[in-house]
Amino acid sequence: MLGLLHVVETRRYRADDARRSRVRLVEEDLRDPAHKIAFAEAYTRRLRRVSLPLFLVVLAAWVVRILLVAPGGDPFASAAVFGLPGRLVVASVAALAIALLAVAFWPRSRKAKGELQERGKAGDRKDE
């Protein structure tokens, strides 16, 4: 659910960035707006600033839940979901957390053109 909300927030952020850029720069052709930020860059920005902290809070709550509610002291039994073994669920959640951290903090250069980023020549637009 948080992943879906993150994708929606990323799309909203890109659209908002395009609108803000149009207002600030008073583009000549307002009928053909362009996104000034690529989807991948918008996705990682929103992940770092909004969604990753939410994911980490949910992850921490889940870890506490499986440790405290473990039947017979076995946290893997508590992590089992819909007949899937607990070890598989824990491994899947750990892989997701590692993947999110890697995507969020993978070093990359900023290419967005806009209010706070370095501007290129007039009409400079970013491709998806």
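The following paragraphs describe the fold, the salt bridges, the nonpolar core, a pocket and two loop residues of a predicted model.

The protein chain contains four helices and zero strands, and its elements follow the pattern α-α-α-α when read along the sequence. Of the 128 residues in the protein chain, 26% are buried. Among contacts with a separation of 6 or more, 63% are made by residues 24 or more positions apart.

Seven salt bridges were found in a search of the whole structure. One of these pairs Glu9 with Arg46, for which the closest N and O atoms are 3.1 Å apart. Because Glu9 belongs to helix α1 (residues 2-25) and Arg46 to helix α2 (residues 39-68), this pair ties together parts that are 37 residues apart in sequence. Both partners are buried: Glu9 falls in this class, and so does Arg46. In general terms, side chains of opposite charge can pair when their charged atoms come close.

Two further salt bridges centre on Asp16, a residue that is partly exposed at a relative accessible area of 25%. In one of them, the side chains of Arg19 and Asp16 meet at 4.0 Å, N to O. Arg19 and Asp16 are three residues apart in helix α1, so about one helical turn separates them. Arg19 is itself partly exposed, its relative accessible area being 41%. In the other, Asp16 is bridged to Arg20, with the closest N and O atoms 3.1 Å apart. Arg20 and Asp16 are likewise both located in helix α1, where a spacing of four residues corresponds to about one turn of the helix. With a relative accessibility of 30%, Arg20 counts as partly exposed. Through shared partners, salt bridges join Glu9, Arg12, Asp16, Asp17, Arg19, Arg20 and Arg46 into one network. This network includes the buried residues Glu9 and Arg46 as well as the partly exposed Arg19.

The largest nonpolar core consists of five residues, namely Leu47, Leu52, Phe55, Leu100 and Ala104. Helices α2 and α4 are the elements that give two or more residues to this core, and α2 gives the most, with three residues. Within the core, Leu47 touches the other members Leu52, Phe55, Leu100 and Ala104. Leu47 also touches His6, Pro53 and Val103, when residues up to four places away in sequence are not counted. As a general tendency, nonpolar side chains in soluble globular proteins are buried together.

The second largest pocket holds about 280 Å³ of space. Its lining is formed by 14 residues, and those nearest the centre of the pocket are Phe55, Val58, Leu59, Val93 and Leu96. Helices α1, α2 and α4 (86-105) are the elements that give two or more residues to this lining. The largest share, six residues, comes from α2. By residue class, the lining of the second largest pocket divides into 13 nonpolar residues, one polar residue and no charged residues. Phe55 thus appears both in the largest nonpolar core and among the residues nearest the centre of the second largest pocket.

Two loop residues were also examined. Ile37 is located in the loop between α1 and α2. Since its relative accessibility is 1%, Ile37 counts as buried. Ile37 and Tyr13 are separated by 24 residues in sequence and by 9.5 Å in space, C-alpha to C-alpha.

Phe82 lies in the loop between α3 (75-79) and α4. The phi angle of Phe82 is near 50°, a positive value in a residue other than glycine. For most residues other than glycine, phi is negative. Phe82 is exposed, with a relative accessible area of 84%, whereas the loop residue Ile37 is buried.

Definitions and conventions. Residues numbered from 1 in each chain as written. Predicted model: local features only at pLDDT ≥ 70, side-chain atom pairs only at ≥ 80, totals over all residues. Heavy atoms only, no water. Buried < 20%, exposed > 50% of the residue type's maximum accessible area, 1.4 Å probe, protein only. 1 Å grid on protein atoms, 1.4 Å probe; cavity = no way out; pocket = protein on both sides within 12 Å on 5 of 7 lines; lining within 4 Å. Points joined across faces, edges and corners; volume = space filled by probe spheres on them. Nonpolar A, V, L, I, M, F, W, Y, C, P; charged D, E, K, R; others polar. Core = buried A, V, L, I, M, F, W, Y, C linked by side-chain atoms within 4.5 Å. Contact = heavy atoms within 4.5 Å.
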